[in-house]
Amino acid sequence: MESKKPELDRVDRALLRALSVNARASGAALAGEIGVAESTVSLRLRRLQQLGHIRGYRANIDLAALGASLQALISVRLAKHARAQIDDFRNAAPHWPGVIGLFHTAGADDYLLHVAAADASDLRDFVLEHLAEHPAVAHTETNLIFEYVDGDGWQDLVK
């Protein structure tokens, strides 16, 4: 039976919102913004991490500045749904060069792969070397990303 995570109170929710804006904020800055003691912030952050509400902290890297100015979402349909092939694809794909993320989806396609590449030629090479050659893959469809905008609507979930 799945255990339910403890409810989040006002302080927990305020911490999550503040960290989503600046994950590098100091304990003192967070305490001042939320209106609690710095020791409370420290204890709450540790608790939120232990409960799995905070899974980590990341830097938001400008991939274009690193030479990967092209991004795409590639829909992937598997040839068959044999557990071994699914597991092989699922375990390999996140580690291929340029992969930003992998989504397991419902619908006509099985996965959605978010990738970055230097240019169209590199993207084509990625598809040919990693997807077209993979025994689990039956079909792919590549959609170029012209613009990405971060959403903040998820913050309504922590009010």
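I began with the secondary structure of the protein chain and noted five helices and four strands, where helices (H or I, at least four residues) and strands (E, at least two) are DSSP runs numbered from the N terminus. Reading from the N terminus on, I wrote down the order of the elements as α-α-α-β-α-β-β-α-β.

Before going further I recorded the ground rules: this is a predicted model, in which local features need pLDDT of at least 70 and side-chain atom pairs count only at pLDDT 80 or more, whereas totals for chains, interfaces and linings use all residues. Residues are numbered from 1 along each chain as its sequence is written, and side-chain values use heavy atoms, with hydrogens and water left out.

Next I looked up the overall dimensions. The radius of gyration of the protein chain is 20 Å, against near 15 Å for a compact globule of 159 residues; the radius is taken over C-alpha atoms, and the globule rule is 2.2 Å times the number of residues to the power 0.38. Along the principal axes, the C-alpha atoms fill a box of roughly 55 × 45 × 25 Å.

I then turned to the domains, whose bounds come from an automatic or database domain assignment. That assignment gives domain 1 (10–51) and domain 2 (63–145), and I noted 36 Å between their C-alpha centres.

For surface and packing, I found that 30% of the 159 residues in the protein chain are buried (buried means under 20% relative accessible area, exposed over 50%, partly exposed in between, with a 1.4 Å probe and protein chains only). The chain exposes about 10700 Å², of which carbon and sulfur atoms supply 51%, by the Shrake-Rupley method with a 1.4 Å probe. Of the contacts with a separation of 6 or more, 66% come from residues 24 or more positions apart, a contact being heavy atoms within 4.5 Å.

Lastly I looked at two residues of helix α1. Val11 is found in this helix, which covers residues 10–21, and I entered Val11 as buried because its relative accessibility is 8%. Leaving aside neighbours within four places in sequence, Val11 is in contact with Ile34, Val36 and Arg44; for Val11 and Ile34, 23 residues apart in sequence, I noted a C-alpha to C-alpha distance of 7.0 Å.

Asp12 also has its place in helix α1, and I entered Asp12 as buried because its relative accessibility is 1%. Not counting residues up to four places away in sequence, Asp12 touches Glu7, Arg44, Arg47 and Leu48, so I marked Arg44 as a contact listed for Val11 and for Asp12, under the heavy-atom definition of contact.
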